[in-house]
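Visitor: I have a model open and some questions about it. Could you take me through them one at a time?

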2 protein chains.
Amino acid sequence: MQNFLLTLRFDGSAFCGWQAQPNGPTVQDTLEHAILRVTGEPVRVTGCSRTDAGVHAREYVCNFRSDTKVPAARLPAALNSYLPGQIAVLGCREAAPEFNARFDCKAKTYRYHIHNAPERDPFLLRRALLERHPLDEALLAREAAAFLGTHDFASLRAAGGSAKTSVRTVSRFDVQREGGEVHFYVRADGFLYHMARIMVGTLLEIARGRLPQGSIPEILAARDRSRAGPTAPAEGLMLWEVEY
Amino acid sequence: MQNFLLTLRFDGSAFCGWQAQPNGPTVQDTLEHAILRVTGEPVRVTGCSRTDAGVHAREYVCNFRSDTKVPAARLPAALNSYLPGQIAVLGCREAAPEFNARFDCKAKTYRYHIHNAPERDPFLLRRALLERHPLDEALLAREAAAFLGTHDFASLRAAGGSAKTSVRTVSRFDVQREGGEVHFYVRADGFLYHMARIMVGTLLEIARGRLPQGSIPEILAARDRSRAGPTAPAEGLMLWEVEY
């Protein structure tokens, strides 16, 4: 039995998130169905992350164990022929027998995409948050720096997650503007439920003047979800990079 | 009565092209319906171009005459509130009474987008042609140069167009690679029915070795559609810029 590591890319707008569930199609369900078609084996795939409905992935890593004789190098094209266009298998290789895409993940980077313009762009539909208020990216970068380092992120965690501790280490929080588009890049050793989206929602409240500048250290110290901003919409979020 | 010039952007994958027709939703129908909702007037909109089903527009210009009291500066937001997310009105201004978006157009630029990679990209679904054969952009640029200038493009014209003459002047044909994506930019004083897509299809046949290098001058001279390559798929084509 081999342990296959798959690298995926998916447009999350067509799915109810990664994890198999009864309310609609998920990336996991769809992928497992394609693996069954190619290998003849019903398998369970382990994903690097539960992603929310509507969240995208530029790079998503998962693994599954199989006795298939299809070589790893041929699996991407074989699986893609059974997958809808919103999911692509970009690569496949054999991993160590004990490799686990969820537990062995050392760091993840998410990108949050904001379209900062007076009117929407059809090519960013379901891929970016439209924010009409002009954003000051230098201000955002200064405020976001308060998230860097090791903190208890209990204020930036939605109810419903399963993590035992809410302490995480954020090692990157970049704010980049390209014309009318603003991108946040956040890297951490792990993300609590909705943490990336609440960080973005909090920064946007500061940018809009609804939360005071310099308030993130106090929000973190409070360990109280009600102190942070709202959860930014899923559509702007994309899993950007996964490190092992 | 005022003559309003609208600038649009649309994702053509949701529409049966620009022009009103009975087989499904078109951009023109959808826009005229939104104008009716905003102004209370049934209007006919004149577009700069018939675009085929699935063809996109980064910049599309159209005009309509109306007695509305809504100022031009407020029309984009008003219309966008009635339009689906696949269409956006980016701007509106009052034009000269005789302005006609179709007949006054001096030049159009189309972009054709090719994803040149072994596997598809979900974020380019219905927005680019997937071409797995590695393309040599220097070769493509050399071959494409044969289209530049004033020629009879009868060999690159599909049956069904209404143009009286098939002579057109191509003033730009650039080939640009950015990583795994190749873009063609074609500017002309006008395009015959399917002309941009047949130019691309012909270049791809040369790149694939199915038509000989250097054959474009002969294809043009033949004035015979059967000599050129196939019509490249609509999904890769985008109206990029319109000049008046």
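Visitor: Which residue meets Glu205(B) in a salt bridge, N to O at 3.0 Å?
Guide: This is a predicted model, where local features need pLDDT of at least 70, side-chain atom pairs count only at pLDDT 80 or more, and totals for chains, interfaces and linings use all residues. Side-chain values use heavy atoms, without hydrogens and water; residues are numbered from 1 along each chain as written, chains are lettered from A and ligands numbered from 1 in the order written. A salt bridge here is a side-chain nitrogen of Lys or Arg within 4 Å of a carboxyl oxygen of Asp or Glu. At 3.0 Å, the partner of Glu205(B) is Arg208(B).

Visitor: Is Glu205(B) buried or exposed?
Guide: Buried means under 20% relative accessible area, exposed over 50%, and partly exposed in between (1.4 Å probe, protein chains only). Arg208(B) has 27%, so Arg208(B) is partly exposed. Glu205(B) has 11%, so Glu205(B) is buried.

Visitor: Which residues are linked with Glu205(A) in a network of salt bridges?
Guide: Turn to chain A. There Glu205(A) belongs to a network of salt bridges, and the other members are Glu131(A), Arg208(A) and Arg210(A).

Visitor: Which residue forms a salt bridge with Arg223(B)?
Guide: Arg223(B) sits in the loop between α5 (216-222) and β10 (237-243) of chain B, and the partner lies 71 residues away in strand β7 (149-152). Helices (H or I, at least four residues) and strands (E, at least two) are DSSP runs, numbered from the N terminus. Arg223(B) is exposed at 55%, whereas the partner is buried at 17%. The closest N and O atoms are 3.5 Å apart, and the partner is Asp152(B).

Visitor: How many salt bridges cross the interface of chain B and chain A?
Guide: The structure holds 24 salt bridges over all chains. Arg9(B) and Asp121(A) meet in a salt bridge between the two chains, at 2.7 Å, N to O. Across the interface of chain B and chain A, the count is 2.

Visitor: Which strand gives the most to the side of chain B that touches chain A?
Guide: Four elements of chain B each supply at least two residues to that side: β1 (2-10), β3 (56-66), α2 (75-80) and β4 (87-95). The one that gives the most, with 4 residues, is β4(B).

Visitor: How much area do chain B and chain A bury between them?
Guide: Contact means heavy atoms within 4.5 Å. By that rule, 26 residues of chain B are in contact with 26 residues of chain A. Buried area is the accessible area (1.4 Å probe) that two parts lose on being put together, summed over both. Of this area, 55% is on carbon and sulfur atoms, and the total is about 2000 Å².

Visitor: Which three residues supply 37% of the area that chain B buries against chain A?
Guide: No other three residues of chain B supply more. They are Arg120(B), Pro122(B) and Phe123(B).

Visitor: What rotation superposes chain B on chain A?
Guide: Copies are superposed by least squares on the C-alpha atoms of residues with pLDDT of at least 70 in both. The shift along the axis is 0.0 Å, the RMSD is 0.0 Å, and the rotation is 180°. That is the relation of a two-fold axis.

Visitor: Which residue of chain B has the C-alpha nearest the axis?
Guide: The distance from the axis is 5.1 Å. This residue is also among the three that supply 37% of the area that chain B buries against chain A. It is Phe123(B).
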